[in-house]
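The following exercises practise the reading of empty space and of helix packing in a protein model. Each task is followed by a solution in steps.

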Amino acid sequence: MNSTPRLGPPPQRLTVDTELVRRLVAEQFPHWAGLPIRPVSRSGWDNHTFHLGDTMSARLPSAAEYALAVEKEHRWLPSLAPRLPVAIPVPLAQGRPGADYPYPWSIYHWLDGEPASAGRIADPVRFAVALAGFLAALQDIDTADGPRPGAHNWYRGATVRTYDGQTQRALAKLDGEIDVGLAREIWKTALDAPWDGVERWFHGDVAEGNLLLEDGELAAVIDFGTCGVGDPACDLAIAWTLLTADGRRAFRERLPADEATWARGRGWALWKTLVTCAQTSGRTDQDALNARRILGEIFSEYSAAG
């Protein structure tokens, strides 16, 4: 990627309720019309997700930008799933616009599990190794004809410089609250770290809510809306946002990731964390405290690495 992509304006999200999903299913998949429909307990930002009976889910993009991923997921997830060591979502049917809903949408098999969190993980090192094994397997899949970074995935897999504007605004807001000088140094290190240009598959949003646990172990990885082929460093942000220090070391050893890739991954984690710190500035709720904790992890790991 020789040029820096330009992000568009924030998506204009729409509301989706149970009755709308009921009408869409009845209209397009009448053989499932009698199944109960209810919202999931914790839906994501990019999609509104609903239980459809006991074994399926309906997933409806919340904005036009997120709807760009629907065709990609239907094209690629059935091909990726057999090549990965843990479960990923596999689409069952693709819906079309209708019933006052303007975008394509999907029905998936439901995957059981609870979202990962530090307190739910049985063994932090074993979890880190399992996650690294999943990402290593993903990166090894043939990238021929795979989706390159673009508007469909907010340029994940391209340069982290895409998010320089957001990072600089966050740093300006946080001046006097955090060590802005150190943050700028870490950010510059990420921007300067070269990519070898070898395209690999990446997930694009490896985060707590997209990692499912069963009995404290990694059981599934969900939400592939930002997946594609390109620089996989974006998937390394989880090393700072969720993993322990010991887990982070085991994660890096299992992949493995060279210095430049690790620096770019750290940059992705820093961008996410600075934006959250800026958004929660002055607050003391859990989101604010967690963002500051992650920032401390990034600072400490970078300083220790010398």
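**Exercise 1. Determine how many cavities of 30 Å³ or more the structure holds, and describe the lining of the largest cavity.**

Solution.
1. Rolling a probe the size of a water molecule over the atoms shows where empty space is left.
2. In this predicted model, the structure holds 1 cavity of 30 Å³ or more. The volume of the largest cavity is about 90 Å³.
3. The lining comprises 13 residues, of which D46, N47, Y66, A69 and G225 are the closest to the centre.
4. Helix 2 (64–67) and helix 3 (69–80) each supply at least two lining residues. Helix 3 gives the most, with 3 residues.
5. By class, the lining has 4 nonpolar, 4 polar and 5 charged residues.

**Exercise 2. Classify the packing of helix 4 and helix 8 by their axes, and state which residues meet.**

Solution.
1. Two packed helices are described by the angle between their axes and the distance between the axes.
2. Helix 4 covers residues 124–139 and helix 8 covers residues 245–254; their axes come within 8 Å and cross at roughly 30 degrees.
3. Angles under 35 degrees count as roughly parallel, and helix 4 is therefore roughly parallel to helix 8.
4. The crossing of the two helices is right-handed.
5. On the side of helix 4, P124, V125, A128, V129, L131, A132, G133, L135 and A136 take part; in helix 8 they meet D246, G247, A250, F251 and R254.
6. This contact has 10 nonpolar, 2 polar and 2 charged residues.

**Exercise 3. Helix 6 packs with helix 10, and its axis also crosses that of helix 5. Determine how helix 6 is oriented to each partner.**

Solution.
1. For helix 5 (residues 164–174) and helix 6, the axes come within 10 Å and cross at roughly 170 degrees.
2. Angles over 145 degrees count as roughly antiparallel, so helix 5 is roughly antiparallel to helix 6.
3. Here D164, T167, Q168, L171 and L174 of helix 5 make contact with V180, A183, R184, W187 and L191 of helix 6. The contact residues divide into 6 nonpolar, 2 polar and 2 charged.
4. Helix 6 (residues 180–192) and helix 10 (residues 286–305) pack at about 70 degrees, with axes 11 Å apart.
5. Angles of 65 to 115 degrees count as roughly perpendicular, and this class therefore applies to helix 6 and helix 10. Their crossing is left-handed.
6. L182, A183, E185, I186 and T189 of helix 6 make this contact with I298, F299, Y302 and S303 of helix 10. By class, there are 6 nonpolar, 2 polar and 1 charged residues.

Conventions
Residues numbered from 1 in each chain as written. Predicted model: local features only at pLDDT ≥ 70, side-chain atom pairs only at ≥ 80, totals over all residues. Heavy atoms only, no water. Axes fitted to C-alpha atoms, helices over the stretch in contact; angles between N-to-C directions. Helix = DSSP H or I, 4+ residues; strand = E, 2+ residues; numbered from the N terminus. Left-handed = near helix turned anticlockwise from the far one by under 90°. Contact = heavy atoms within 4.5 Å. Nonpolar A, V, L, I, M, F, W, Y, C, P; charged D, E, K, R; others polar. 1 Å grid on protein atoms, 1.4 Å probe; cavity = no way out; pocket = protein on both sides within 12 Å on 5 of 7 lines; lining within 4 Å. Points joined across faces, edges and corners; volume = space filled by probe spheres on them.
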